[in-house]
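Subject: Structure handover

Hi,

Here is the structure for you to look over. My notes follow below it.

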Amino acid sequence: MRIAVCPGSFDPVTLGHIDIIERASQLFDSVIVLVMENSTKTTMFTVEERMDLISKSICNDNIKVDTYNGLLVDYARQAGAVAIVKGLRAMSDFDYEFQQALINKSLYQKIETVFLPAEGQNMYLSSSMVKEVGRLGGDISSYVPKAVAKEIYKRCKGDK
Ligand code: ADP
């Protein structure tokens with residue numbers, strides 16, 4: 001059984017993330033979407049809310065959602081994962097992602113990082129862009145799953 005982990009903050013999950021997760025699920029027997037806690041980032045959604053929004057947006061038996069607040073490679077080792085799957089958008093992602101891949105490999109030799117290129121329409125799509133457009137009252141329905149759009153609109157209405 002070949003297991004892959006798709007880690008991220010997913011605050012909130014976008015259609016760009018969903019595309020990468022679903023493509024990973026075609027390549028591996030099982031995919032774990034790992035919502036990482038990051039105490040240095042202020043998030044719009046709690047870890048539980050982020051996990052719930054991912055679960056509502058994906059219906060595929062070989063995709064599971066989990067959370068972890070330690071080292072990614074420790075989670076991967078304990079889950080028996082063989083790969084970390086990341087999406088690559090513009091070149092701007094490359095430097096950081098390459099650095100992460102090298103560090104993870106040196107911490108845990110058995111893990112490979114697999115990069116999947118973002119689809120053209122998702123190239124400039126990020127969670128922070130979606131939150132900003134949502135806050136300003138713009139239409140985010142083509143960037144995020146329905147459940148996410150609904151939740152952002154609800155929260156942004158409360159802001160005003
Ligand atoms: P962000 O970088 O927007 O804060 P995350 O940390 O949640 O998002 O990202 C998790 C993973 O998803 C990263 O590998 C990132 O490159 C990838 N990703 C994010 N947005 C997209 C997108 N629009 N298309 C493809 N991959 C993406």
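Helices and strands here are DSSP runs, numbered from the N terminus; a helix takes at least four residues (H or I) and a strand at least two (E). With those labels, D11 falls in the loop between β1 and α1. One caution before the rest: this is a predicted model.

**The ligand site**

Start with the ligand. It sits in the largest pocket. There are 18 residues around the ligand, and F10, K86, G87, N122 and L125 come nearest.

Which elements each supply at least two residues of the shell around the ligand? They are β1 (3-8), α1 (15-27) and β4 (81-88). Helix α1 gives the most, with three residues. By class, the shell divides into five nonpolar, eight polar and five charged residues.

Three polar approaches to the ligand are worth loading into your viewer:

- S9: a polar backbone atom is 3.0 Å from an oxygen atom of the ligand.
- R89: an N or O atom in the side chain is 3.1 Å from an oxygen atom of the ligand.
- N122: a polar backbone atom is 2.9 Å from a nitrogen atom of the ligand.

On its own, the ligand has 530 Å² of accessible area, and the protein covers 87% of it.

**The loop between β1 and α1**

Now the loop itself. F10, one of the residues that come nearest to the ligand, is placed in the loop between β1 and α1. F10 is not a glycine, yet its phi is positive, at about 50°. Is F10 buried or exposed? F10 counts as buried, because its relative accessibility is 4% and the cut-off for buried is under 20%.

D11 is in that loop too. P12 is also found there. The peptide bond from D11 to P12 is cis, with omega near 0°. Check that your preparation step keeps the cis assignment from D11 to P12.

D11 has a relative accessibility of 5%, so D11 counts as buried. What does the side chain of D11 reach? One target is the backbone nitrogen of M44, at 2.8 Å. Another is the side chain of K131, in a polar contact of 2.8 Å.

**Helix α5**

The partner of D11 in that side-chain contact, K131, lies in helix α5 (residues 127-135). Its relative accessibility is 12%, so K131 counts as buried. The contact between K131 and D11 therefore has a buried residue at the K131 end and a buried residue at the D11 end.

M129 lies in helix α5 as well. Buried or partly exposed? M129 is partly exposed, because its relative accessible area is 26% and partly exposed runs between 20% and 50%. From M129 to I140 there are eleven residues along the chain, and their C-alpha atoms are separated by 9.7 Å.

**Strands β1 and β3, and helix α1**

A4 belongs to strand β1. Its relative accessible area is 0%, so A4 is buried. A24 belongs to helix α1. With a relative accessible area of 0%, A24 is buried.

How far apart are the C-alpha atoms of A4 and A24? They are separated by 7.6 Å, with the two positions 20 residues apart along the chain counted as their spacing. For A24 and C156, 132 residues apart along the chain, the C-alpha separation is 32 Å.

I63 lies in strand β3 (residues 63-68). I63 is buried, because its relative accessible area is 10%. I63 and V5 are 58 residues apart in sequence, and C-alpha to C-alpha they are 9.8 Å apart in space.

**In short**

The ligand sits in the largest pocket, with 87% of its accessible area covered by the protein. In the loop between β1 and α1, F10 has the positive phi, and the bond from D11 to P12 is cis. The side chain of D11 makes its polar contact with the side chain of K131, and K131 is in helix α5.

Best wishes

Notes: Residues are numbered from 1 along each chain as its sequence is written. This is a predicted model: local features need pLDDT of at least 70, side-chain atom pairs count only at pLDDT 80 or more; totals for chains, interfaces and linings use all residues. Side-chain values use heavy atoms; hydrogens and water are left out. A residue is near a molecule or strand if one of its heavy atoms lies within 4 Å of it. A polar contact is a pair of N or O atoms within 3.5 Å; within protein, one must be able to donate a hydrogen and the other to accept it, and residues adjacent in sequence count only if both atoms are side-chain atoms. Accessible areas come from the Shrake-Rupley method with a 1.4 Å probe; for residues, only the protein chains shown count as cover. On a 1 Å grid over the protein atoms alone, a cavity is a set of points where a 1.4 Å probe fits but cannot get out, and a pocket is an open set with protein on both sides within 12 Å along at least five of seven lines; lining residues have an atom within 4 Å of a point. A molecule sits in a cavity or pocket if more than half of its atoms lie within 2 Å of its grid points. Ala, Val, Leu, Ile, Met, Phe, Trp, Tyr, Cys and Pro count as nonpolar, Asp, Glu, Lys and Arg as charged, and the others, Gly among them, as polar. Buried means under 20% relative accessible area, exposed over 50%, partly exposed in between (1.4 Å probe, protein chains only).
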